[in-house]
Amino acid sequence: MKPLHIVDLHCDTLMPIYIDGHTLRNWTGHINLEKLQQGGSMVQCFAIFIPTNRSAEYHHVHEEPYAYFRGCADAFDREMAANADVIRPVRCMADIEKNRQEGKLSAMLTVEDGVPVDGKIQRVQEFYDRGVRMVALTWNYENSIGFPCSDDPEKHMLGLKPFGLEVVSKMDELGMVIDTSHLSEGGFWDIVKHGKKPFVASHSCARALCDHRRNLTDEQLRALANKGGVCGVNFCSGFLRKNAETTSVEDLIRHMKHMVNVAGVDTVALGSDFDGIEDNLEFKDFAGMPQVVDAIEKNFSADAADKICHGNALRVFKDVIG
């Protein structure tokens, strides 16, 4: 097993586990227990992605968002109980450190799309009580919190709703990481203005290098840095280079270098979006992460490489989750 070295802020592996009945041992996608071990995982953030609208139709999901959240959280708990010899859930930094010392992988439960909150602030508390420690406020559709990113400049500048500001305040109070990936730029700036703690864009890239609505402008990257947050570089080829069909290590490094130059080395992290992307990956899956790490170590100082691979994300966890 590789040294426990990687913190990955986002994957969608819980979807095939919950919907299709796979397990963390038998799933053949980007992430399973063996691949996490081979790749040197320290903390893997497992997102409960909530399918709605066309996404629900595509995945044949008929549950309402709140019921889906609860069912998927139950599936996560079952996987953690069944595989405690290898991986364990974490709710605070002490859990991560304990697992690291004992040679165990850490799994952090997150949510992609706050749609299950549905205007009920008590559900933020329920998320927390279930072990959720990071929430992407929106996905690709409007919800009770705010609006998604958009190619329409006017829609892209729509901010959080009044209830969304309540959610931000509650998450800060509880110690939950606010995730702005998929959120409108207007919503992003509302987090900058009203949020009291560091926040993240868990799986986004640099817009200056690839003009995708999900990517962050240089101004956003600098604002994220000023708040003590991080951007997890997304492995989706379409976020890295226009019309790219393959995710190359070279393109990942290119975005990391740009982010470091614009916002500083403390702002860069990893947010693979494994099992949520369908690209051809030069390094194939999580088992190929040593190839990515080697490139990071060749292009950055040893201290900077450690920050990108795990240190920056762990700092945000410490500051927010405790």
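## Exercise 1. The cavities

**Task.** State how the lining of the largest cavity divides by class, and describe the second largest cavity by its volume and its lining.

**Solution.**

Step 1. In this predicted model, the lining of the largest cavity consists of four nonpolar, eight polar and three charged residues.

Step 2. The largest cavity encloses about 70 Å³ of space. Its lining counts 15 residues, and those nearest the centre are T180, L183, R213, R214 and L216.

Step 3. Cavities of 30 Å³ or more number two in the structure. The second largest cavity has a volume of about 30 Å³.

Step 4. The lining of the second largest cavity is made up of G114, V117, V124, F127, V135, L137, I145, V167, M171 and M176. Two elements, helix 6 (122-129) and helix 8 (162-174), each give two or more residues to this lining.

Step 5. By class, the lining of the second largest cavity has nine nonpolar residues, one polar residue and no charged residue. Glycine counts as polar, so G114, a member of this lining, is placed in the polar class.

## Exercise 2. The largest pocket

**Task.** Which residues lie nearest the centre of the largest pocket, and which element gives the largest share of its lining?

**Solution.**

Step 1. The largest pocket holds about 810 Å³ of space.

Step 2. Of the 27 residues that line the largest pocket, D12, H59, W139, G276 and I277 lie nearest its centre.

Step 3. Helix 1 (14-20) and helix 3 (53-58) are the elements that give two or more residues to the lining of the largest pocket. The largest share, four residues, comes from helix 1.

Step 4. Sorted by class, the lining of the largest pocket has 10 nonpolar, eight polar and nine charged residues.

## Exercise 3. Two helix pairs

**Task.** Decide how helix 9 is oriented to helix 10, and how helix 12 is oriented to helix 13.

**Solution.**

Step 1. Helix 9 covers residues 185-194 and helix 10 covers residues 218-226; their axes come within 11 Å and cross at roughly 25°.

Step 2. Angles under 35 degrees count as roughly parallel. Helix 9 and helix 10 are therefore roughly parallel to each other.

Step 3. The crossing in which helix 9 passes helix 10 is left-handed.

Step 4. For helix 12 (residues 249-263) and helix 13, the packing angle is about 45° and the axes are 10 Å apart.

Step 5. An angle of about 45° falls in none of the roughly parallel, roughly antiparallel or roughly perpendicular ranges, so the pair counts as oblique. Helix 12 and helix 13 are therefore oblique to each other.

Step 6. Helix 12 passes helix 13 in a right-handed crossing.

## Exercise 4. Positive phi values

**Task.** For D273 and K284, give the phi value and decide whether each residue is buried or exposed.

**Solution.**

Step 1. D273 is found in the loop between strand 10 (268-270) and strand 11 (280-281). Its phi is near 65°, a positive value in a residue other than glycine.

Step 2. Buried means under 20% relative accessible area. D273 has a relative accessible area of 7%, so D273 is buried.

Step 3. K284 lies in the loop between strand 11 and helix 13 (289-299). Although K284 is not a glycine, it has a positive phi of about 75°.

Step 4. Exposed means over 50% relative accessible area. The relative accessibility of K284 is 63%, so K284 counts as exposed.

## Exercise 5. Accessibility and separation

**Task.** Place A94, M157 and A201 in the structure, classify each by accessibility, and give the distance from each to a stated partner.

**Solution.**

Step 1. A94 belongs to helix 5 (residues 93-101). Its relative accessible area is 52%, so A94 is exposed. A94 and K318 are 224 residues apart in sequence, and their C-alpha atoms are 9.3 Å apart in space.

Step 2. M157 lies in the loop between helix 7 (153-156) and helix 8. Partly exposed covers the range between the buried and exposed cut-offs; at 45% relative accessibility, M157 therefore counts as partly exposed. M157 and F188 are 31 residues apart in sequence and 9.0 Å apart in space, C-alpha to C-alpha.

Step 3. A201 is part of strand 7 (residues 200-204). With a relative accessible area of 0%, A201 is buried. A201 and H258 are 57 residues apart in sequence, and the distance in space from C-alpha to C-alpha is 16 Å.

Note on methods. Residues are numbered from 1 along each chain as its sequence is written. This is a predicted model: local features need pLDDT of at least 70, side-chain atom pairs count only at pLDDT 80 or more; totals for chains, interfaces and linings use all residues. Side-chain values use heavy atoms; hydrogens and water are left out. On a 1 Å grid over the protein atoms alone, a cavity is a set of points where a 1.4 Å probe fits but cannot get out, and a pocket is an open set with protein on both sides within 12 Å along at least five of seven lines; lining residues have an atom within 4 Å of a point. Grid points are joined across faces, edges and corners, and a volume is the space filled by probe spheres set on the points. Buried means under 20% relative accessible area, exposed over 50%, partly exposed in between (1.4 Å probe, protein chains only). Axes are lines fitted to C-alpha atoms, for helices over the stretch in contact, and angles run from 0 to 180 degrees between N-to-C directions. Angles under 35 degrees count as roughly parallel, over 145 as roughly antiparallel, 65 to 115 as roughly perpendicular and the rest as oblique. A crossing is left-handed if the near helix is turned anticlockwise from the far one by less than a right angle, and right-handed if clockwise.
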